[in-house]
Amino acid sequence: MSRILMVTSEAAPFAKTGGLADVLGALPPALVKLGEEVSVVMPRYGSVRIDGAERLAPEMPLSLGPRTFTAAIDQVEREGVRYLFVDCPPLYGRSGIYGEWGAEYLDNHIRFGALNLAALEIARKISPADIFHAHDWPAGLLAPYLRELYADDPALAGAKCVMTIHNLGYQGNFPGYLLPDLGLSSAVFTPRGLEFWGNINFLKAGIVWSDEITTVSPTYAQEIQTPQYGHGLDGVLRDRAAHITGILNGVDYAEWDPENDPHLQNHFSARNLSGKRFAKQALLREMKLPPNEKRPLIGIVSRFAGQKGFDLVAGIAPELAELDLAVAVLGSGEPLYEQMFRTLAEKYPQKFAVQIGYDEGLAHRIEAAADMFLMPSQYEPCGLSQMYSLRYGTVPIVRATGGLDDTVDESTGFKFSAYTPEALLDAIRLALTAWQDRKLWLERMRRGMAKDFSWEAAAAGYQRLYRNLVGPQV
Ligand code: ADP
Ligand code: GLC
């Protein structure tokens, strides 16, 4: 048994913008089931609801460069995991996680710098750790803080750091002149350290100082070491190639189970699919699409970001509108894509229904109702939605990249390689042709539904990694 202390900016059900939160809601309990002891440190944002939390520390001072903050530490226990919230209203008592109204908070370097400091103070005083496990750029300073600021602290001696990259596209870059705000000396501000084209790069810091680096699928672990997918950090990653592992995310089948999904009125399974028909009828009504069940329904549930490949959809919109299908879209994010989908719905109301916003229930209803699920991502570290789709008998159409490539194969879905509108259109046409043969289609659905991406396997992968670092602690 090792004592693992994870640091994150998001964890479901407390705060979520994407898959990172899903992982932090499910991986820690899966590790606990394997016998590890896991704490998760995250900010207490204004939106976090944790009634009945236990206050472990009323006043923990956090000295970050020239500023000192005082935080309280609150604990909620969930499935054997200690979720520890850093309650510091001047930093986190706002409605957003990273920003509001499309603008990032200007003090994010301080907000997340302080989070990492808090995690180390928690390890010193409240919840000792053998391994610190940092997730994405908000936790990138954990390793350099441990090695540079706490190098001589006996309470932290021997502790190891693991950094998991959920998305290399978000690195946490801040102007170099802000370095003093973070309490780090200029000695770390070099190309071999955390400097990146004149900026402080949080993710690079995590990559450079951590003992081991993981990412969320085997294919993405290779891709990030190439210029095409490296977002400028491929060289830094190649330098650390011997310490990079890809561990495929799992699915929380307690949350995503068509036989037992509280968001659905009718349930279904591979043996009895009638509930899926009802789900489709209900969704067509809900999203005001024509009640034509014979047409295949394509679902999209996504953050709207460049990464997700929706410019390819824009490129083939007129062709899509000619085809015999309907598309149900749920998402929010960059205004460009929100507008693009709104326009499609206005122009082709018989074909496109679009809901802009974040809606957990609707996400489940689309997964259940759709016949196909579209993820034409430019890059996709893992992707969870295509795995949900497989379980819901919703055949994924994906670009062969990252975790999409690792989880969908020709027997369960449709894949295309070139990042072009034509290649996407070909894949959709192929799927529409395949849909005509009901018997083969049902077989395809059932093969997908039988796939098992449970967290157990992923958690075992992390456990192996931890053990390689610190041995099997008893
Ligand atoms: P990413 O983390 O890059 O956004 P993933 O596929 O790993 O991509 O995870 C996305 C998660 O966020 C899924 O659980 C998906 O259902 C959810 N999600 C994305 N957009 C929305 C939305 N608008 N409403 C509800 N859930 C959403
Ligand atoms: C990121 C990635 C996504 C991955 C998720 C959880 O947000 O974009 O592909 O599934 O993190 O690891």
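1. Rings of Phe, Tyr and Trp (for Trp, the six-membered ring) are taken as a pair if their centres lie within 6.5 Å, with planes under 30 degrees apart counted as stacked, over 60 as edge-to-face and the rest as tilted. Ring pairs defined in this way join Tyr-98, Phe-112, Trp-137, Phe-174 and Phe-202 into a cluster.

2. The model is a predicted one, in which local features need pLDDT of at least 70 and side-chain atom pairs count only at pLDDT 80 or more, while totals for chains, interfaces and linings use all residues. Residues are numbered from 1 along each chain as its sequence is written, chains are lettered from A and ligands numbered from 1 in the order in which they are written, and side-chain values use heavy atoms, with hydrogens and water left out.

3. Under the ring-pair rule the count comes to 18 aromatic pairs. One of them is formed by Trp-256 and Tyr-392, which meet edge-to-face at 6.1 Å centre to centre with 75° between the planes. This pair links distant parts of the chain, 136 residues apart, since Trp-256 sits in the loop between β14 (244–246) and α8 (274–286), and Tyr-392 in the loop between α13 (385–391) and β19 (395–399); helices (H or I, at least four residues) and strands (E, at least two) are DSSP runs, numbered from the N terminus. Both Trp-256 and Tyr-392 are buried, a term that means under 20% relative accessible area (1.4 Å probe, protein chains only).

4. Phe-304 and Phe-310 also form a pair, and because their planes stand at 85°, with ring centres 5.7 Å apart, it is edge-to-face. Phe-304 counts as buried because its relative accessibility is 2%, and Phe-310 likewise counts as buried at 2%.

5. Turning to ligand 2, the shell around it holds 14 residues, of which His-166, Asn-249, Glu-380, Cys-382 and Gly-383 come nearest, where a residue is included if one of its heavy atoms lies within 4 Å. By class the shell has six nonpolar, six polar and two charged residues, with Cys counted as nonpolar, Glu as charged and Gly as polar. Helix α1 (residues 19–33) gives the most to this shell, with three residues.

6. For polar contacts with ligand 2 (pairs of N or O atoms within 3.5 Å), an oxygen atom of the ligand is 2.5 Å from an N or O atom in the side chain of Glu-380, one is 3.1 Å from such an atom in the side chain of Gln-307, and one is 3.0 Å from a polar backbone atom of Cys-382. Taken alone, ligand 2 exposes 310 Å², and the protein buries 94% of that, with areas from the Shrake-Rupley method and a 1.4 Å probe.

Note on methods. A polar contact is a pair of N or O atoms within 3.5 Å; within protein, one must be able to donate a hydrogen and the other to accept it, and residues adjacent in sequence count only if both atoms are side-chain atoms. Buried means under 20% relative accessible area, exposed over 50%, partly exposed in between (1.4 Å probe, protein chains only).
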